[in-house]
Amino acid sequence: MKKLSLFRRPFFAKRIIEIGGGHDPFAGVTHAVDKFPEDNTQRAGDMVRVKGVEFKEGDLEAIPFPDEPKFDFLYASHVLEHTHNPQKAISEINRVASRGYLETPSPLREQIICSFPFENIIDFHTLFCWTAGEANQIHVIRKSEKTVGIFCACENGKVAKILFDLRRKKNLDVEAPMPGRSKTTHLYFNGPITLMEYENFESACQKGFCGYGEVGFIRKRLIAPFYLLSGRARKLKSFLNAV
Ligand SMILES: [Zn+2]
């Protein structure tokens, strides 16, 4: 079972809920909610039911627990990007818990792995989601033909587009050498979460919330001699240099 890093773990929490733990739940939860207990279409294996954990069928947009007593901690890992009404999902999280951990694929990884050209029917990730360093804020853009494969014009967006094109047009596996940290985004919230939704990546970037912050991390890595000792970093750099 999954665990957060030691100093992030909710040691003194008594009521801990996980939404959409599915086949790979977090350790130590007391309550679990899943939308499709019997259907594995949207996950990588059979749902794990842990003995002693109170289970209810439901989802992030309708958490089947009352407002009180509030949960001390909430986990939702790789769930928000599946929701159709992110505003409702965030208001549900805020209703039942004031502290927790959200994880989603980074927009960079989502762009690289999702169906392209965009097809609504086969793609069950509905959103690009990210955090941009501020506490308790999550940023989303709906996936559509107007956003999939379309990037902001800043330096991060340019590198993201190059990686996307290398994967889509040259069929290079750019995902393997990407640092793990660039593939997901994490929000450790403590207090009500604010959701910010944008039309597209350019409008988010213009407002100061670039969706490709993880690319900034990759760019820093690729000029740091220490990191270039790693084979993965050298491989990624050789991909980018070849453009
Ligand atoms: Zn940008």
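Me: Two strands pair if DSSP finds at least two bridges between them. What makes strand E2 and E3 a pair?
Reply: This is a predicted model: local features need pLDDT of at least 70, side-chain atom pairs count only at pLDDT 80 or more, and totals for chains, interfaces and linings use all residues. Residues are numbered from 1 along each chain as its sequence is written. Strand E2 (residues 31-34) shares four bridges with E3, in the parallel sense. The cut-off is at least two, so they pair. His31 has Glu54 of E3 as its bridge partner.

Me: What do names such as E2 rest on?
Reply: They are DSSP runs, numbered from the N terminus. A strand (E) has at least two residues, and a helix (H or I) at least four.

Me: Which strands stand at the edges of the sheet E3-E2-E1-E4-E5-E8?
Reply: This open sheet has six strands and mixed pairing. Its edge strands are E3 (54-57) and E8 (184-190), as each pairs on one side only. From one strand to the next, the twist averages 15°.

Me: How do you know that strand E5 and E8 pair?
Reply: Seven bridges join E5 (residues 99-105) to E8, and the two run antiparallel. Seven bridges satisfy the cut-off, so this is a pair. One of the bridges links Thr104 to Thr185 of E8.

Me: What about the sheet in the order E6-E7-E9?
Reply: It is an open sheet of three strands with mixed pairing. E6 (127-130) and E9 (194-198) each have a single partner strand, so one side of each lacks a neighbour in the sheet. The twist averages 25° from one strand to the next. E7 (residues 137-142) pairs with E9 in the parallel sense, over five bridges. Ile141 has Tyr198 of E9 as its bridge partner.

Me: Why is H3 called roughly perpendicular to H5?
Reply: The axes of H3 (residues 155-168) and H5 (residues 213-223) cross at roughly 85°. Axes are lines fitted to C-alpha atoms, for helices over the stretch in contact, and angles run from 0 to 180 degrees between N-to-C directions. Under 35 degrees is roughly parallel, over 145 roughly antiparallel, 65 to 115 roughly perpendicular, and the rest oblique. The angle lies in the 65 to 115 range, so H3 is roughly perpendicular to H5.

Me: What makes the contact between H3 and H5?
Reply: Contact means C-beta atoms, placed from the backbone, within 7 Å. H3 brings Asn156, Val159 and Ala160. H5 brings Gly213, Val215, Gly216, Ile218 and Arg219. The axes come within 8 Å.

Notes:
Contact = placed C-beta atoms within 7 Å.
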